[in-house]
Amino acid sequence: MSTGRLTVPFNDLYSQYRSIQSDIDRAISDVIRESAYIKGRFVSEFEKEFAEALGARFCVGCANGTDSLEMALKALGVGEGDEILVPANTWISTSEAVSAVGAKPVFVDIEPDYYTINTALIEEKITSKTKAIIPVHLYGHPADMGAVQRIAKNQGLKVIEDCAQSHLAEFKGQKTGTIGEIGSFSFFPGKNLGCYGDGGAIVTSSAEYAEFMAKLGNHGRLGKFDHEFEGRNSRLDGLQAAILSAKLPHLAEWTRKRQGIAKLYSELLQDSAVKVPKIKDEVTHVFHLYVVEVKGRDRVRELLSAEGIETGVHYPRALPFVKAYERLGHKPSDFPVAYAAMDKILSLPIYPEMSAEAVEYVSAKIKEASEAAL
Ligand SMILES: *Cc1c(COP(=O)(O)O)cnc(C)c1O
């Protein structure tokens, strides 16, 4: 094993660009040549390709992943007075979108080993106001969609899958995003499929929802001036769509590389003080993030940083405990699992272009650091 000092970034978007530079450059110049900046063929081509890649009937691009959640909620008729169940540990967009349509996010604790919504705790949170569940396939590990769908059917609830971290992940062989009523995606640059700015999309098998969301994001119209209602401006732009089309053919290979890196980490870290992520039998994990648990996490982070290794924490505070949700008056014992995870979770560098040497280096250093921090 190498002993020299390496610098390992958390992600490396430039090396990904370099690996497909001519395709990306051509995609960008094509859009410029055609001045197809807003809507147009690059957007509709990408929407078609992305729907096909997932096995979805419809895909509608929009400005970002947060908007896609909000537009999905609107498509399902969620509004003032409704309650929507969301996991306690997720990026704030999930709950923010709920509040943005006037509804109330109701947090549910997460599963200890998988960090996704604990479906055994969903039913006790359901009231007469509950309209929908938003499971988040956090870190790229699908939530238990079998249980989510069963509960939703029994209780008459809708399901929006937050797939911002789970492009191409599968639950029992079915792609995430195609299981609930609507799947919501982000193409933020650092996501598994990312553009060069903000971008998002929704997928659905319902023509009605797809048409509504396409209108909503384009001022309530499909044609030029036929505004049927007041919508908003939330569109995927041509440049981003063309970049996404250039990247999409590589996504399966990039996903395999992420899975390979995760496997190598887990082999190198077995029998250490570092707890490695678990994968449920019925899912395909796409490792947007490789999240371990360590004692003395903040100290470990510092030690790794001193060794040139950049790490992250997703997320330092579970949502019920951030200032934005103080008004809900939650205490740690309301979400014991999410609360306990806050001090232990650590996201290690992972990106398709990461070398085995870098994985070995990070593994060796985190082993040392986790023992030193005990
Ligand atoms: C990134 C992310 C979003 C939002 O995506 P944006 O494109 O940044 O708006 C939503 N949910 C989760 C879980 C995310 O990680």
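These are my notes on the ligand site and one small sheet in a predicted model.

**Ground rules.** Residues are numbered from 1 along each chain as its sequence is written, and side-chain values use heavy atoms, with hydrogens and water left out. Local features need pLDDT of at least 70 and side-chain atom pairs count only at pLDDT 80 or more, while totals for chains, interfaces and linings use all residues.

**Ligand shell.** I looked up what surrounds the ligand and got 14 residues, with Gly65, Thr66, Asp162, Ser186 and Lys191 coming nearest (near means a heavy atom within 4 Å). The shell splits into three nonpolar, nine polar and two charged residues; Gly counts as polar here, and Asp, Glu, Lys and Arg as charged. Helices α4 (65-75) and α5 (93-100) each give at least two residues to this shell (helices are DSSP runs of H or I, at least four residues; strands are E runs of at least two).

**Polar atoms.** Next I checked N and O atoms in side chains against ligand oxygens. Threonine 66 has one at 2.5 Å, lysine 191 at 2.7 Å, and glutamine 165 has a polar side-chain atom at 2.8 Å. The ligand alone exposes 380 Å², and the protein buries 93% of that (Shrake-Rupley, 1.4 Å probe).

**Sheet.** I also followed an open, antiparallel sheet of three strands, in the order β7-β6-β10. Its edge strands, β7 (174-175) and β10 (283-284), each pair on one side only. Strand β6 (residues 170-171) meets β7 over two bridges; pairing takes at least two DSSP bridges. Across that pair, I found glutamate 170 opposite lysine 175 in β7.

Technical notes:
Polar contact = N/O pair within 3.5 Å; in protein donor to acceptor, adjacent residues only side chain to side chain.
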